[in-house]
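The report below walks through selected local environments and helix packings in the structure shown here. Individual residues are taken up before the helices and the core.

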Amino acid sequence: MTDMTAPTSDSRATRNVIVLVLAQALLGAQMPMIFTIGGLAGQSLAANPCWATLPISLIVLGSMLAATPLSSIMQKYGRRAGFFVGAAGGTIGAAIGAYGLLQASFPLFLLGSFFTGIYMSAHGFYRFAAADTASDAFRPKAISYVMAGGLASAIIGPQLVKLTSQSMVVPFLGTYMAVIAINLLGALLFFLLDIPTPAAPDHDAPKGRSRFELLKTPRVAVAMICALVSYALMNLVMTSTPLAVVGCGFETNDAANVVTAHVLAMFAPSFFTGHLIARFGVERIVATGLAILAAAGLVGLAGVELEHFFVALVLLGIGWNFGFIGATAMLAGAHAPEERGRVQGLNDLIVFGGVTFASLASGGLMNCSGGTAQQGWASVNLAMIPLLALAGGALIWLVMRPREA
């Protein structure tokens, strides 16, 4: 078996990056599709509007719970096996969600959302897979290029929503049928991956640090905090955006356009984020991302005209890109090869645990914290403050503490 720890060139890594970029573009399109209509569909099915974003929360909860098992599967059987499991989860989730819409059953719709979380979790491992066969110098760029594949998904997903959301008698049913097709077709890409399955460790091989020891490692802990805050804030605001746009008098297509701009902004910087990390250091890029997220909140508080939604969501996407990719690169350089499965599963468990809470809080803040959509939208943006303070404080602490030998 080929040794993954010291690649002599990045030709294999380049091939894998291309496959993962295509997977990000095609399979990844289902995420903006579901995040655009999930809250609107939930609002139409739920007895209480406070639970409108519960379907999104169930997706993230499913992702959180699937992270550790998927990481173990990939560690034992390889990335390809884990990605096939993810695509199967996306297919099953969309099928159950479609049946829930047909039956006007909110519990069934929630069950489908939970299974969709399995795909979302596997999707999160694309960035780690890009780093598996890359050299130290190419690793940040490989992660960035794979994330950049989201540019295509940002266009494909919302456009499919426009074509399919009202294409059948039952609203949004056509969208879920399209998601089933995306998963079945996109899974074929994983046959082209060339990532060796990790060798079973010898009896006397290094075992690496325990999960508790990893959490006590300053660089690992801060990377996880910054990843959690970047992703949670992005999800908090994005989940409420379609509800806020429609609630402020605009159309579903306007909400889809805002989400398109947001997802484009999430992934467009990925073409150069890796270069910026290599030039300025990961800490500066993460700090820049947190500052841009704060700016998004300020714009969101400034007004509820359509241009405010566009600018706020574009800034939200850019801030997420710098914060999340920077935190991922920080984490990738803070653990040994034998700790890979353990630390990546732990990271996604923590990150998506926070995102689950954020998506659940999003609906409550949006629909149940004030008398109008404008007041709810203001509450969502104000809720960013404590999380930004947490991540900013952790990053400052890491930079100020003495370097370890």
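With a relative accessibility of 3%, Gly28 falls under the 20% limit and therefore counts as buried, although the model in which this value was computed is a predicted one. Gly28 sits in the loop that links H1 to helix H2 (30-45), and, when residues up to four places away in sequence are set aside, Gly28 touches Ala23, Tyr119, His123 and Ser153. A further spatial relation joins Gly28 to Ile156, since the two are separated by 128 residues in sequence while their C-alpha atoms are 9.3 Å apart in space.

Two other loop residues, Ala104 and Phe172, each have a positive phi value in a residue other than glycine, and they are set side by side with their burial state in the following table.

| Residue | Loop | Phi | Relative accessibility | State |
|---|---|---|---|---|
| Ala104 | between H4 and helix H5 (106-124) | near 55° | 55% | exposed |
| Phe172 | between H8 and helix H9 (173-186) | near 75° | 9% | buried |

Thr356 belongs to helix H16 (residues 340-368) and, at 13% relative accessibility, counts as buried. What does the side chain of Thr356 reach at 3.2 Å? It is the backbone nitrogen of Leu61, and a polar atom of the side chain of Thr356 also lies 3.3 Å from the backbone oxygen of Val60. Both Val60 and Leu61 appear among the residues that Thr356 touches beyond four places in sequence, together with Ser57 and Met64.

Turning to whole helices, helix H7 (residues 139-148) is largely enclosed by the rest of the structure, because seven of its 10 residues are buried. The buried residues of H7 are Pro140, Ala142, Ile143, Ser144, Val146, Met147 and Ala148, and they pack against helix H1 (11-26), helix H6 (126-132), helix H8 (150-164), helix H12 (252-267), helix H13 (270-280) and helix H15 (306-332).

Two helix pairs can be described through their axes and their contact residues. Helix H3 (residues 54-77) packs with helix H4 (residues 79-102) at an angle of about 145°, and their axes are 6 Å apart. On the H3 side the contact involves Leu70, Ile73, Met74 and Tyr77, while H4 contributes Arg79, Ala81, Gly82, Phe83 and Val85; by class, the residues of this contact divide into seven nonpolar, one polar and one charged.

For helix H17 (residues 373-382) and helix H18 (residues 384-400), the axes come within 5 Å and cross at roughly 10°, which means that H17 runs roughly parallel to H18. Here Val380, Asn381 and Leu382 of H17 meet Met384, Ile385 and Pro386 of H18, and the residues of the contact comprise five nonpolar, one polar and no charged.

Which residues touch the most other members of the largest nonpolar core? Among the 127 residues of this core, they are Phe83, Tyr126 and Tyr231, and the largest share of the core, 18 residues, is supplied by helix H11 (residues 218-247). Phe83 has already been named as a residue of H4 in the contact with H3. Tyr231, for its part, is in contact with Met120, Trp320, Phe324, Val351, Phe352 and Val355, once neighbours within four places in sequence are left aside.

Methods
Residues numbered from 1 in each chain as written. Predicted model: local features only at pLDDT ≥ 70, side-chain atom pairs only at ≥ 80, totals over all residues. Heavy atoms only, no water. Helix = DSSP H or I, 4+ residues; strand = E, 2+ residues; numbered from the N terminus. Buried < 20%, exposed > 50% of the residue type's maximum accessible area, 1.4 Å probe, protein only. Polar contact = N/O pair within 3.5 Å; in protein donor to acceptor, adjacent residues only side chain to side chain. Contact = heavy atoms within 4.5 Å. Axes fitted to C-alpha atoms, helices over the stretch in contact; angles between N-to-C directions. Parallel < 35°, antiparallel > 145°, perpendicular 65-115°, else oblique. Nonpolar A, V, L, I, M, F, W, Y, C, P; charged D, E, K, R; others polar. Core = buried A, V, L, I, M, F, W, Y, C linked by side-chain atoms within 4.5 Å.
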